[in-house]
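Hello,

Here is the structure I promised to pass on to you. Please open it alongside this email, and then read on for what turned up.

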Amino acid sequence: MQKYMCNNKNTDNCDCDNSKDFKTISSSLTYKPPYNIYICGVGGQGIIKTSIVIGEAAIFEQKKVAMSEIHGMAQRGGVVSTELKIGDSKSSIIPEGETDLLLAFEPLEALRASPKANKNTAIIFNTSSIMPSNISASKFRYPDLDDITSNLKFISDNVFALDAESMAREAGHVLSLNMVMLGAATAVFKFPIDKKSILASMRNNLPEKSISINMNAFESGFRFVKSSNGVK
C-alpha cells in the first residue's frame, strides 16, 4: 500500500502521521455539489444578460460561480444556451439529468434541453414561441404547446409555464421578458441566491432608464411562481 510520506528532512522533530495512506486522506476532503442552472432560448431574448445578473449576484454573496461558454449562434433567432454552477464544481458543463433549474425562454428549447432535467428539476418555460431558424427552414413542424408541456411534466414534478412575453408587455416593454423569467427563477424553492442580491445585480447591470420596467417585470415573474403550484 502506498504511504503518505512527510517531506520534513528532520524526521526526529516531525509529528506527522505516516500511517495515513492516500485513500484515507482523500476521503476526508469534502465536496458539496453545486446548484446547476441551465438557461436556453433564442438570440435576442436576453439570455446572456440574465446569466450575467445571476453570476454577479452569486459573487456578491461570495459564492463560487462557473459559467460555460455559450452554445449556438447568439444572433436573433439562433439557439442560445448557458450553463451556470453556483458552488463547488469540477467542470462548467452540467451532465445530463443533473440540472437543478431549467430556465427556458422558448417552449421548444425547453423540450430540447429536457435531457438535462430530472424529477426534482424546477422547469420554468415561457409559453410564447419563436420559430427557430432551423425549424422554419426544414420540413419539420413546430410541436403543439400541449405536447411540449406534457413531455416536460413527464420528466419533472416541478413545471412552471408562464406567458412571459405578455407579462413583459404589461410591465412596460417586451424586452423585459428576461427579467420576468429571472423573477420566476428567483422564487423557486432552494434557489441559492437571495432576492436582494439579484435585485442589486440588476441595478448594476441594466440601463438606468429601464430599471423601473425591469423591476416590475421581475416582480411579476416572482409572484407567479410564489403563488403557483406549477402546471396542472
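Below are some notes on aromatic rings, charges over rings and backbone angles.

Before anything else, please keep in mind that this is a predicted model.

Let me begin with the aromatic rings. How many aromatic pairs does the structure hold? There are two. One of them is formed by Y35 and F191, whose ring centres are 6.1 Å apart. Their planes meet at 85°, and because an angle over 60 degrees counts as edge-to-face, that is the label for Y35 and F191. It is worth finding both residues in the viewer: Y35 belongs to strand β1 (residues 35-42), while F191 sits in the loop between α7 and α8. The pair therefore ties together parts that lie 156 residues apart in sequence. Are these two residues buried or exposed? Y35 has a relative accessibility of 12%, so it counts as buried, and F191 is buried too, with a relative accessible area of 10%.

The other pair is made by F218 and F222. Here the ring centres are 6.2 Å apart and the planes are at 20°, so the pair is stacked. Both residues lie in helix α9 (residues 211-226), with four residues, or about one turn of the helix, between their positions. F218 and F222 are both buried.

F222 has another neighbour to look at: the charged end of K195 sits over its ring, 4.0 Å from the centre. A similar arrangement involves K119, whose charged end sits over the ring of F154 at 5.9 Å from the ring centre.

Now for the backbone. Most residues other than glycine have a negative phi. Which residues have a positive value here? Q62 is one of them, with phi near 60°. You will find Q62 in the loop between α2 (47-60) and β2 (65-67). Its relative accessibility is 77%, so Q62 counts as exposed.

K190 also has a positive phi, near 75°. K190 is placed in the loop between α7 (177-186) and α8 (195-205), the loop that also holds F191 of the edge-to-face pair. With a relative accessible area of 63%, K190 is exposed, whereas F191 is buried at 10%.

If you want a place to start in the viewer, try F222, which stacks with F218 and has the charged end of K195 over its ring.

Best wishes

Technical notes
Residues numbered from 1 in each chain as written. Predicted model: local features only at pLDDT ≥ 70, side-chain atom pairs only at ≥ 80, totals over all residues. Heavy atoms only, no water. Helix = DSSP H or I, 4+ residues; strand = E, 2+ residues; numbered from the N terminus. Buried < 20%, exposed > 50% of the residue type's maximum accessible area, 1.4 Å probe, protein only. Phe/Tyr/Trp six-rings, centres within 6.5 Å; stacked < 30°, edge-to-face > 60°. Lys NZ or Arg CZ within 6 Å of the ring centre and 35° of its normal.
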